[in-house]
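Got the viewer open? Here is a short tour, one selection at a time.

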Amino acid sequence: MKNPFDDFRDHRTREREIPLDSIIQSRDRVMSKIIKGYEKLLEEEVKELVWLVQYNTVIKAYTLAEKAVKEFDYRAEDIEEFCYELDTTDKIPYLITGPAGIYISALCNYTQEGEISLKLNDLKTQINLLGYRLPVGKKVIVEGNLGDFTGIGMEGGELVVDGNAKNYTGAGMKSGRIRVTKNIGLHTGEWMMGGEIFVGGRVRGMGKIVDGKVYEDEKLIYPRNYRQSNVYY
Amino acid sequence: MISEEIIKKIWPRVRKKHLFPEIPIPKVSEGKENVALEMKNKQITINTAFYDKIAHKMDAEEVVEALLDHGISHYTYCPWDFHTHLRLFTEAKRVVKDKERAKRSAGLFMDVVADTYCVKGKKTPLPEFYKQIDKGKVDEVITCLYQRIWGVDLCAKEDEEVVRRLARIPYLDKKQWDKSIQKFARVIKVLLEVEEEENRQEGSQANPMGDHGLDGYTLEEIDQGLRNFANQNVGLKEFKETFEDFKEELKEVGYGMEGGMGRGEGTPLDADLIYYMKLAESYSIPIKKVPMEKRGFLNPHSHSPWEIGRPFQDVDVWTSFGKIMPGITQTWNKIEGSTFGERESIPDCIIIIDSSGSMTNPRKNLSYAVLGAACASDAYLRNDGQVAVYNFSDAPMGGKAILEFTSERAKIYQILCKYFGGGTALNLNELDPLLEASLKPDIFIITDMKITNLGKVIGYLNNIDNRITAVYIGENTYALRFREAMAKKKNISFYNVTKKEDIPKIVLGKIKEYFQGNL
């Protein structure tokens, strides 16, 4: 009787290596390092499962994040992918938007690329604190809405948000430029010490600004037409 | 020139390379000059006009082999089936938010997966083919991607950022396809918008590898795909949306025009109906059969001496010592079996479904009442029973729809999916003609029991001895009252449905007495 599998005798199942394999392997390696760094940050920062945005906690968290992200190389695409991993995966134990935002900011600040483009339109959660301490020479372009404390403590970089941002945008920023194409929340520019905030839509409320400029729909609203803090329009 | 001879020569080799897929030998046609390949109902057709454009650059056999590799990889790897196709489309649409762009994204993604699978695992002239063909803007980007992920020079100009992002997607990891297509769509979304704009100005440019329509699937595959899709935790809204997106194509391929689904030309395809149909097909509700008549078989009971003239077949050879002699030979006396001699069958069923305001609107959200009733009707139809439907809200005020006994599934579903809203009252007189139209039909009532004339309903059901399956949605005092009032009746079974998973637990026509009799 003829062996029915004879036709497959000379069939070679061995697949050849293509560059895609190594690209995916390297991507997975980087991603696992990024996730590990974030987990380490969470271990240190969220021991009590409560995380308040305070001057000291933010600085401490950023120092830890900085330390973690300096240890490996990554690209803007890795940062974007990490944002989606945070949003959807069960690989990461929990998403706490505060430390997550600080960690993503550290990733942006330490990547070798000058311009970082993040397409975050499909994120279910809004990331807070993105753009923290963005230094000179860095430009972060975000497609999608961001949460509270966007671009706080900026240090000369440029943050473009193609969407909305919530409260305390640009709080404590020293220099640089924030451009939000749609609307912005309350306490805009709270304790801002320099730099510019451009808002394409409406500014819902201003914070106590020390120095710097805020534009609403191309019109300067601070310092020229200063509005009372937290006035609802 | 591509000829039948070339295909006949190459086909055995290509089939073997792809482990003998069950598809017929490809055909050759004149076709359009900008589309190289078409696949309809598993039949691959290669357009010769397309080849004429690249004849001076590439050998005919290589072109045919490349096209067949591409076409077969779609069949054997991605999308593989219609369900995967729908899944990819839905995920892409989540990102691009537009039907046509989602179809294009899913099509391109399937091309990349199928081609990459082929290049990685088989010897194929696909890279050379992509190097030679004319490409539109998006196709050029995809060729750049191939160049990057296959490690072959395809003379494509790279758009560094886009290609870098696309190259990070694990195309060959099936488990990640849902996520992968989202990433893919996110990157090419802008390119598709630009392409659309250009097409508007310069006329549309077809995908040289053919469009990924529904032509490639058989009606059975489409049916199966929709069933799997409905069961894949997609809500009614999402199913409806996806179904509407494919509605025209489904009509074109003739889905829903044949038996089982809306017969005759012009029957509109109703997404809600299809959703409940496909979901109901996945649940099997058992029906207890009822004794319908005496069996009539004769069983050996006692012995008596054989006499001349009595039939030989009743002779008991063991007690007759092998002899045929009057007085010695013993015959069996037989009597009719009375204990196990009953033939059982399935009666018809009247489905009474509540569609008042307190019930979920089946066209907005998944209605457990409609799904439960649909499962019940399917169970009776599968067992050759017929089903009548009494859909009510405030029946005395006209809020009702009655369907007489039928075995037409589409008609039954149409009445089941009707939603009236408003008050809840039954016009019990209207049930009498239905009860008389069949031989002791079963009654299946599904409601939340918030019926204005519940007392009358209890009285009515108390006076009939048909088997009744009462399913109530959610827990409330009315349901409790109904249960208590009917507790002593042996011909009624109660089930509570609070979630989808409760539906298969319903046993239609289960009667306490019937079980007790058999124990």
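Before the first stop, one definition: two residues are in contact if their C-beta atoms, placed from the backbone, lie within 7 Å. Keep in mind too that this is a predicted model.

**Stop 1: chain B as a whole**

Select chain B and turn on the cartoon. Chain B holds 18 helices and 13 strands. Of its contacts with a separation of 6 or more, 72% join residues 24 or more positions apart. Colour by burial and you should find that buried residues account for 42% of the 519 residues in chain B.

**Stop 2: colour by confidence**

Now switch to pLDDT colouring. Chain A has a mean pLDDT of 87, with 84% of its residues at 70 or more. For chain B the mean pLDDT is 83, and 88% of its residues reach 70 or more. The model as a whole scores ipTM 0.85 and pTM 0.78.

Which elements of chain A mark the lowest and the highest mean pLDDT? Helix α2 (residues 55–69) of chain A sits at the bottom with 87, while strand β4 (residues 175–180) of chain A tops the elements of that chain with 97. Among the elements of chain B, the lowest mean pLDDT, 42, belongs to helix α18 (residues 512–518) of chain B, and the highest, 94, to helix α5 (residues 99–121) of chain B.

Pick out residues 259–266 of chain B next: pLDDT stays below 50 there, and the stretch has seven contacts in the model beyond near neighbours in sequence. Residues 511–519 of chain B also have pLDDT below 50, with seven contacts beyond near neighbours in sequence.

**Stop 3: where the chains meet**

Show both chains and select the residues in contact across them. Twelve residues of chain A touch 18 residues of chain B. On the chain A side, helix α1 (residues 19–45) of chain A gives the most, with five residues. That side of chain A divides into five nonpolar, no polar and seven charged residues.

Keep α1(A) and add helix α7 (residues 137–150) of chain B. Their axes come within 6 Å and cross at roughly 80 degrees. Angles from 65 to 115 degrees count as roughly perpendicular, so α1(A) and α7(B) are roughly perpendicular to each other. For the side chains, show Pro19(A), Leu20(A) and Ile23(A) in α1(A), which meet Arg148(B), Ile149(B) and Trp150(B) in α7(B). The residues of this contact divide into five nonpolar, no polar and one charged.

**Stop 4: domains of chain B**

Recolour chain B by its domain assignment: domain 1 (4–215), domain 2 (218–281), domain 3 (298–336) and domain 4 (344–518). Go to the contact of domain 2 with domain 4, which takes twelve residues from domain 2 of chain B and 14 residues from domain 4 of chain B. On the domain 2 side, helix α12 (residues 271–281) of chain B supplies the largest share, seven residues. The domain 2 side divides into seven nonpolar, three polar and two charged residues.

**Stop 5: Met449(B)**

Finally, centre on Met449(B), in the loop between β11 (442–447) and α16 (454–462) of chain B. Is Met449(B) buried or exposed? The cut-off for buried is 20 or more other C-beta atoms within 10 Å; Met449(B) has 24 C-beta neighbours inside 10 Å, so Met449(B) counts as buried.

Leaving out residues up to four places away in sequence, Met449(B) touches Leu454(B), Tyr472(B), Asn476(B), Tyr478(B), Ala479(B) and Phe482(B). For a distance label, try Met449(B) to Thr477(B): 28 residues apart in sequence, 8.8 Å apart in space, C-alpha to C-alpha.

How values were computed. Residues numbered from 1 in each chain as written. Chains lettered and ligands numbered in written order. pLDDT = per-residue confidence, 0-100. Helix = DSSP H or I, 4+ residues; strand = E, 2+ residues; numbered from the N terminus. Nonpolar A, V, L, I, M, F, W, Y, C, P; charged D, E, K, R; others polar. Domains from an automatic or database assignment. Buried ≥ 20, exposed ≤ 12 C-beta atoms within 10 Å, placed from the backbone. Axes fitted to C-alpha atoms, helices over the stretch in contact; angles between N-to-C directions. Parallel < 35°, antiparallel > 145°, perpendicular 65-115°, else oblique.
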